[in-house]
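Student: Could we go through this model together and check each label against its cut-off?
Tutor: Gladly, let's take a look.

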Amino acid sequence: MSLSFLSIFSRFPIENCLNASVLTFYLKYRYAHTDLPKPDFQEYRRKSLLNSNISAKRSTDERRTANYAASFVAGVAALYGLKSHILHYIFFLAPSRGILAEAQIEISLRDIPVGKVSIFKWQGKPIFVYHRSQSIIDQERLVNIAELRDPESDNERAKRPEWLIVIGICTHLGCVPIPNAGIIRGGFYCPCHASHFDAAGRIRRGPAPTNLEIPEYKFLTDDTILVG
């Protein structure tokens, strides 16, 4: 048998309802945190702005000075950090000490006999130092430059007629030619694809497009050169 609404409500005294209402109001009041003190930020404010009766425009210069000083300090710190990062990448990308040590090499010509080619290492590349005989010099000077694939005279290739200094790397695909070999007397022969260079390092036959490269060098004395 179902109970009516009035019969159910009559079981709860009115005092209980009033007590429940008071408790609910009390809890809401407590949850509002009205008993907590408000924070005071007066000590963080500038002294020139504590007085509310004085216009803030009077302290504009003072505040600007402080802002400029703070900006300057922050800028200096940022530049210092940027400098540290830039130096880090510069040192990271810089060549190693071993490479710098090979940037220049001195080569003594005293022990290289006439007609022989001595090979030296410079920056990981072979350097051919060729002590040419007078007959080889005369042979190369008689070459018709107009018939060459990469026209260069013998005087342009050698600072001193008896000494030829070239990088021993074929200009075709980077193989190392063989000195005193090939169809040209006293020339260079690349065994990879049969490129023939004469005794001045000029391409005469084969797929190589240009002459053997001449490194930067100078004579320190009559029997010493500096490569690089």
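**Labels and their cut-offs**

Tutor: Four strands, in the order β5-β6-β7-β8, make an open sheet with antiparallel pairing. The model is predicted: local features need pLDDT of at least 70, side-chain atom pairs count only at pLDDT 80 or more, and totals for chains, interfaces and linings use all residues. Residues are numbered from 1 along each chain as its sequence is written, and side-chain values use heavy atoms, with hydrogens and water left out.

Student: Why are β5 and β8 said to stand at the edges?
Tutor: β5 (178-179) and β8 (203-205) each have a single partner strand, so one side of each is left without a neighbour in the sheet. Strands here are DSSP runs (E, at least two residues), numbered from the N terminus.

Student: What makes β7 and β8 a pair?
Tutor: Two strands pair if DSSP finds at least two bridges between them. Strand β7 (residues 195-197) and β8 are joined by two bridges and run antiparallel, so the rule is met. His 196 has Arg 205 in β8 as its bridge partner.

Student: How do you know that β2 and β3 pair?
Tutor: β2 and strand β3 (residues 125-131) share six bridges in the antiparallel sense. In that pairing, Ser 118 stands opposite Val 129 in β3.

Student: Why is the pair of Phe 128 and Phe 188 called stacked?
Tutor: Rings of Phe, Tyr and Trp (its six-membered ring) pair if their centres lie within 6.5 Å; planes under 30 degrees apart count as stacked, over 60 as edge-to-face and the rest as tilted. For Phe 128 and Phe 188 the values are 5.6 Å centre to centre and 15° between the planes, so the label is stacked. Phe 128 is in strand β3 and Phe 188 in strand β6 (residues 188-190), 60 residues apart.

Student: What makes Tyr 130 and Phe 188 edge-to-face?
Tutor: Their ring centres are 6.0 Å apart and the planes stand at 80°, so the pair is edge-to-face. Ring pairs link Phe 128, Tyr 130 and Phe 188 into a cluster.

Student: Why does Tyr 130 count as buried?
Tutor: Buried means under 20% relative accessible area, exposed over 50%, partly exposed in between (1.4 Å probe, protein chains only). Tyr 130 has 2% relative accessibility, so it counts as buried. Phe 188, at 0%, is buried too.

Student: How do you know that Arg 160 sits over the ring of Phe 219?
Tutor: The rule asks for NZ of Lys or CZ of Arg within 6 Å of the ring centre and within 35 degrees of the ring normal. The charged end of Arg 160 is 4.1 Å from the centre of the Phe 219 ring. Lys 159 lies over the face of Tyr 217, at 4.4 Å from the ring centre.
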